[in-house]
Amino acid sequence: PLASNAADMTFDKLLMTSKFQSGDNQDRTFEYGFVNRGESPLVISRLVSTCSCAKAEYDKRLVKPGERAVIRLVYSPEGRLGTNVRRVFVYTNDNAQPTAILRLEVTHL
């Protein structure tokens with residue numbers, strides 16, 4: 001059971017998909033919006049990406065109860081072929097789900 005004063009990180013979506021044309025080597029930014037639906041401030045302690053081609057960024061601050069925030073994932077397509085699935089592990093003080101997994105599925109045409 002959750003503590004009555006727990007943080008609760010709820011994402012708009014956990015999976016995003018995108019397509020890149022052959023030769024398109026421009027970095028692209030994907031935004032994963034979320035809200036703290038809990039009663040305590042939410043703290044993101046770290047973000048870990050499964051690939052150096054996907055760098056996660058966020059404002060290093062507390063997310064107050066009811067407040068919205070965004071984690072940005074900057075994807076670099078250079079040298080990538082086929083379909084790639086990248087994950088970012090989001091570590092927080094959310095008691096119910098302390099680790100969220102953001103996914104990005106990219107297809108290179």
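Trainee: What makes strand 7 and strand 8 count as a pair?

Mentor: Strand 7 (residues 82-92) and strand 8 (residues 99-108) run antiparallel to each other and are joined over 10 bridges. Two strands pair if DSSP finds at least two bridges between them, and 10 bridges satisfy that, so the name applies. Strands themselves are DSSP runs of E with at least two residues, numbered from the N terminus. Within this structure, Val88 stands opposite Leu102 in strand 8.

Please keep in mind that this is a predicted model, in which local features need pLDDT of at least 70 and side-chain atom pairs count only at pLDDT 80 or more, while totals for chains, interfaces and linings use all residues. Residues are numbered from 1 along each chain as its sequence is written, and side-chain values use heavy atoms, with hydrogens and water left out.

Trainee: Which strands are the edge strands of the open sheet, and why are they called that?

Mentor: The sheet is made of 4 strands in the order 2-8-7-4, with mixed pairing. Strand 2 and strand 4 (44-49) are its edge strands, as each of them pairs on one side only.

Trainee: How many aromatic pairs are there, and why is the one between Phe11 and Phe34 called tilted?

Mentor: The structure holds 2 aromatic pairs. For Phe11 and Phe34 the centres are 5.3 Å apart and the planes make an angle of 50 degrees. Rings of Phe, Tyr and Trp (its six-membered ring) pair if their centres lie within 6.5 Å, and planes under 30 degrees apart count as stacked, over 60 as edge-to-face and the rest as tilted; the values for Phe11 and Phe34 therefore give a tilted pair. Phe11 lies in strand 1 (residues 9-11) and Phe34 in strand 3 (residues 28-36), so the pair ties together parts that are 23 residues apart in sequence.

Trainee: How do you know whether Phe34 is buried or exposed?

Mentor: Buried means under 20% relative accessible area, exposed over 50%, and partly exposed in between (1.4 Å probe, protein chains only). Phe34 has 1%, so Phe34 is buried, and Phe11, with 13%, is buried too.

Trainee: What makes Phe20 and Tyr75 a tilted pair?

Mentor: Their centres are 5.5 Å apart, with 50 degrees between the planes. Phe20 belongs to strand 2 (residues 15-20) and Tyr75 to strand 6 (residues 68-75), so this pair ties together parts 55 residues apart in sequence.

Trainee: Why is Arg28 said to lie over the face of Phe20?

Mentor: A charge sits over a ring if NZ of Lys or CZ of Arg is within 6 Å of the ring centre and within 35 degrees of the ring normal. Arg28 lies over the face of Phe20 at 3.8 Å from the ring centre.
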